[in-house]
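Subject: Structure for you to look at

Hi there,

As promised, I am passing the structure on to you. Please have a look at it first, and then read my notes below.

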Amino acid sequence: MITLAPIAAADPAAVEALLDAAFGTDRHGRTAYRLREGVAAIPELSFAAFDDAGELVGTLQSWPIELVGDDGRIMPLALVGPVAVRPDRQRDGIGRRLMDVMIAAADAGHADALMLIGDPEYYERFFGFTAQVTGGWSVPGPVERRRLLARLRGAAPLPAQGHLRPRRLAVADGALR
Ligand SMILES: CC(C)(COP(=O)(O)OP(=O)(O)OC[C@H]1O[C@@H](n2cnc3c(N)ncnc32)[C@H](O)[C@@H]1OP(=O)(O)O)[C@@H](O)C(=O)NCCC(=O)NCCS
């Protein structure tokens with residue numbers, strides 16, 4: 001049986017070891033890591049999965065970022081990921097459970113729109129993320145456009161053109177610029 005819990009229940013070193021196993025130790029150079037530089041994960045949208053023995057078998061972290069529109073609007077977003085399942089437990093529904101609980105928490109809390117960099121064959125198929133709205137967004141590093149995905153909520157449309165960045169300035173200043 002798999003048990004989900006807030007990420008705080010997991011040993012941070014075990015989380016890092018799991019991420020290394022799922023993505024490789026060179027993962028820190030990825031564009032998604034630049035997007036979340038200097039910010040802490042969002043506790044309400046970050047989860048861990050444990051097996052019967054209490055071993056960590058999956059993690060999902062989400063981060064506060066923002067879309068700076070060319071029209072001057074600054075829209076908060078949550079960057080989802082990495083989503084990682086221990087290699088020997090992959091394709092057993094753990095990733096879907098982590099994503100489902102995160103999306104339910106986001107929807108219940110009226111959180112910001114969600115975005116991620118990942119395979120549409122997984123994140124579009126099961127969770128409704130789409131690259132349709134992200135074509136005009138730039139990111140701090142290389143990205144395959146088809147893998148830049150968003151899941152919009154509510155009525156407020158996001159700017160079609162703009163750039164994504166960590167939301168750290170807003171946090172540090174206590175206010176949006
Ligand atoms: C991607 C990942 C989070 C999915 O979690 P998981 O627990 O292994 O997968 P789930 O059991 O939730 O989902 C299984 C289904 O998703 C599909 N799937 C899983 N990963 C996929 C991927 N990267 N692309 C396309 N389909 C994928 C499986 O084929 C399966 O489909 P089926 O039910 O039709 O057979 C996990 O495999 C992982 O950590 N992988 C290593 C990191 C990685 O490669 N990430 C790439 C995406 S960013």
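Let me begin with burial: 30% of the 177 residues of the chain count as buried. Please keep in mind that this is a predicted model.

On the overall fold, the chain has five helices and eight strands. Their order along the sequence is β-α-α-β-β-β-α-β-α-β-β-β-α. The C-alpha trace spans about 50 × 35 × 35 Å along its principal axes. A compact globule of 177 residues would have a radius of gyration near 16 Å, and because the chain has 16 Å, the two agree. Contacts also reach a long way along the sequence: of those between residues at least 6 apart, 72% join residues at least 24 apart.

Next, the interior. The largest nonpolar core has 38 residues, and the members that touch the most others are Ala-78, Leu-79, Leu-98, Met-102 and Leu-116. Two or more residues of this core come from each of α2 (31–35), β2 (47–50), β3 (56–69), β4, α3, β5 (113–117) and β7 (148–151). Strand β4 gives the largest share, with seven residues. If you would like one residue to start from, try Leu-79. Beyond its neighbours within four places in sequence, Leu-79 is in contact with Ala-32, Leu-35, Arg-36, Ser-62, Trp-63, Ile-65, Met-115 and Leu-116.

Now to the ligand. The shell around the ligand is made of 16 residues, and the closest are Gln-90, Gly-95, Arg-96, Gly-118 and Glu-121. The elements that supply two or more residues to this shell are α1 (12–23), β4 (74–85), α3 (94–108) and α4 (120–127). By character, the shell residues comprise seven nonpolar, four polar and five charged. You will see β4 and α3 in both lists, since each gives two or more residues to the ligand shell and likewise to the core.

One more residue that I would look at is Leu-18, which sits in helix α1. Is Leu-18 buried or exposed? Leu-18 counts as buried, because 23 C-beta neighbours lie inside 10 Å, and the cut-off for burial is 20 or more. Setting aside neighbours within four places in sequence, its contacts are Leu-56, Thr-59, Ala-84 and Arg-86. In addition, the C-alpha atoms of Leu-18 and Val-57 are 7.5 Å apart, although 39 residues separate the two along the chain.

Happy browsing, and do write back with your thoughts.

Best wishes

Notes:
Residues numbered from 1 in each chain as written. Predicted model: local features only at pLDDT ≥ 70, side-chain atom pairs only at ≥ 80, totals over all residues. Near = placed C-beta within 6 Å. Helix = DSSP H or I, 4+ residues; strand = E, 2+ residues; numbered from the N terminus. Nonpolar A, V, L, I, M, F, W, Y, C, P; charged D, E, K, R; others polar. Core = buried A, V, L, I, M, F, W, Y, C linked by C-beta atoms within 7 Å. Buried ≥ 20, exposed ≤ 12 C-beta atoms within 10 Å, placed from the backbone. Contact = placed C-beta atoms within 7 Å. Rg over C-alpha atoms; globule rule 2.2 N^0.38 Å.
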